[in-house]
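These are my notes from an inspection of one model. I set out to record burial, aromatic pairing, nonpolar cores and strand pairing, in that order where possible.

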Amino acid sequence: MATQLEHCEILPSPAEVTELTLPLTFLDLPWLYFHPIQRLLFYEFPCSKPYFLETIVPNLKESLSLTLKHYIPLASNILYPSSNEKPVFRYVVGDSVSLTIAESSDNFNYLTANYARDADQFYPFVPQLPPPKEEAEYKTIPVLCLQVTLFPNHGVSIGFTNNHSIGDASSTVSFIKSWASISKLGGDSQLNEAKSLPLFDRSVIKDPRGIADAYWNQLKNRPLQFQSFHLPTNKVRATYILHQADIKKLKDSVSARKPDLVEPSSFVVTTAYVWTCWVKSGPASGEEVDADVLEYFGFAVDCRTRMNPPVPANYFGNCIGAAILNRKHEELMENEGFFIAAEAIAEIIRIKVNNKDKMRKAAENLLADFAVFMEKRILSVAGSPKFDLYEADYGWGKPKKLESVSIDGEDSISLCKSRDSEGGLEIGLSLPKNKMDAFSAIFASGLGILSKEVLHSD
């Protein structure tokens, strides 16, 4: 539970840009109706309520305003015309980002633990995007809102909620890190010097075939209803750590069973292991799944370097495609299931992800791929070890815990670098309790078996 102390609107610091209109590219449009992306960063920073309100909050407001000066689209609104015209992002002077300041007496250590916790307990700390506003000729839809919550004498959390159409993880994480840097250093000079300012120019996304128009013809008759999560979720969330030594065991076991595979990456063995544990946890918790049912696995791929011509690394927007594969349920249920999964993931990376032409086509077919995500039994990956939010230091040290709240609404795992285990990875899951119990047992048992195999081979 959280008690609201203040609600305010933060305007970008005065900038040269007084008005900005950006089209939604064909890489933005598929995400328009997607559920909001919600993240939580918890910081262990014991402080009193007066210090929080008199020092921390003013600094966060000031640094947020300065950050938004460089990230103007995050203060914009989606203009959704009443006619059938394509929507746009529009910013005019006076537009702002909603910021809620709150306080909670909830157990900070419980919320930042790794063991299974009630998923509903996290929603008081992530803000909800306000509903669309009705204007004469269009609806206006905010793209970002924020919440800062004090846990007196324990810590602070920052909740981020954004409409996915404004930008992918590369974009939103760059904003979060920039805000943290400006908050910690007291200015934006380092941001300017680093030449890491975001690029908003949508013309870098080439669309000679008119894919955006084709997408809009498919989407324009959909009612403007955003997916949302309804409480109770009837789920628990837990975090699992694969240490560097665990990942090495997984790699060694795959190399031994599949010697023709090029040395598998940490991503390959981690996601293959989690996918097979997830598949096996279904029947173990009472799910009935036919042996021939296809189990799908999908993950996003940053296509900036894969576009023709390449898109600059600092492009702010969506520029991702999907890599999707499947295997029969019975294959993944076998003792060899992990090795089958690892081979399949490694193969799609080899033939598709590492092929610029195929990945570019995947980006152009993103709307079709959405049907797979909506209709099939699929486990997908949210986040990436490439985007390390544990580096987001607002002046209180690195976060104690990252929670990807929005995985509650889909069969997804969150994946990031481990906070404390060098070379390790952190996996977040949200599952019904009986399935989480089964997953946890299968996850631990599999690692134990691998350890014995490694000892035996030594």
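I began with Phe 42 and looked up its accessibility in this predicted model. Phe 42 has a relative accessible area of 0%, so I entered it as buried. I then checked the strand around Phe 42, which is S3, spanning residues 37–44. Seven of the eight residues of S3 are buried, and I noted the strand as mostly covered.

Entry on aromatic pairs. I counted 28 aromatic pairs under the ring criterion. One of them joins Phe 42 and Phe 151: the ring centres lie 6.2 Å apart and the planes meet at 50°, so I classed the pair as tilted. The tilted class applies because 50° falls neither under 30 degrees, the limit for stacked, nor over 60, the limit for edge-to-face. Phe 151 belongs to strand S10 (residues 144–151), and so its pairing with Phe 42 in S3 ties together parts that are 109 residues apart in sequence. Is Phe 151 buried or exposed? Phe 151 has a relative accessibility of 1% and therefore counts as buried.

I next followed Phe 151 to a further ring, that of Phe 125. Phe 125 and Phe 151 form a tilted pair, with 5.2 Å from centre to centre and 55° between the planes. Phe 125 sits in the loop between strand S7 (117–118) and strand S8 (133–134), 26 residues from Phe 151 in S10, and I recorded the pair as a link between distant parts of the chain. Phe 125 also counts as buried, at 0% relative accessibility.

Entry on the ring cluster. I traced a cluster linked by ring pairs; its members include Tyr 43, Phe 45, Phe 160, Trp 179, Tyr 394 and Trp 396.

Entry on charges over rings. I found the charged end of Arg 222 over the ring of Tyr 33, at 5.6 Å from the ring centre. The charged end of Arg 237 sits over the ring of Phe 122, 5.4 Å from its centre.

Entry on cores. Which residues have the most contacts inside the largest nonpolar core? They are Trp 275, Phe 299 and Tyr 394, in a core of 128 residues. Helix H9 (residues 337–353) gives the most to this core, contributing 11 residues. A second, separate core holds 10 residues, among them Phe 42, Tyr 123, Phe 125 and Val 126. I then listed contacts of Tyr 394 beyond four places in sequence; among them are Tyr 43, Leu 60, Ile 158, Phe 160, Ile 176 and Trp 179.

Entry on strand pairing. I returned to S3 and looked up its partners. S3 runs antiparallel to strand S11 (residues 155–162), and eight bridges join the two. S3 also pairs with strand S16 (residues 401–404), again in the antiparallel sense, over four bridges. Arg 39 has Phe 160 as its bridge partner in S11 and Ser 404 as its bridge partner in S16.

Last entry, on Thr 100. Thr 100 lies in strand S6 (residues 97–103). Its relative accessible area is 10%, so I entered Thr 100 as buried. Apart from neighbours within four places in sequence, Thr 100 contacts Gln 4, Glu 6, His 7, Leu 146, Gln 147 and Val 148.

Technical notes. Residues numbered from 1 in each chain as written. Predicted model: local features only at pLDDT ≥ 70, side-chain atom pairs only at ≥ 80, totals over all residues. Heavy atoms only, no water. Buried < 20%, exposed > 50% of the residue type's maximum accessible area, 1.4 Å probe, protein only. Contact = heavy atoms within 4.5 Å. Phe/Tyr/Trp six-rings, centres within 6.5 Å; stacked < 30°, edge-to-face > 60°. Lys NZ or Arg CZ within 6 Å of the ring centre and 35° of its normal. Core = buried A, V, L, I, M, F, W, Y, C linked by side-chain atoms within 4.5 Å. Pairing = 2+ DSSP bridges.
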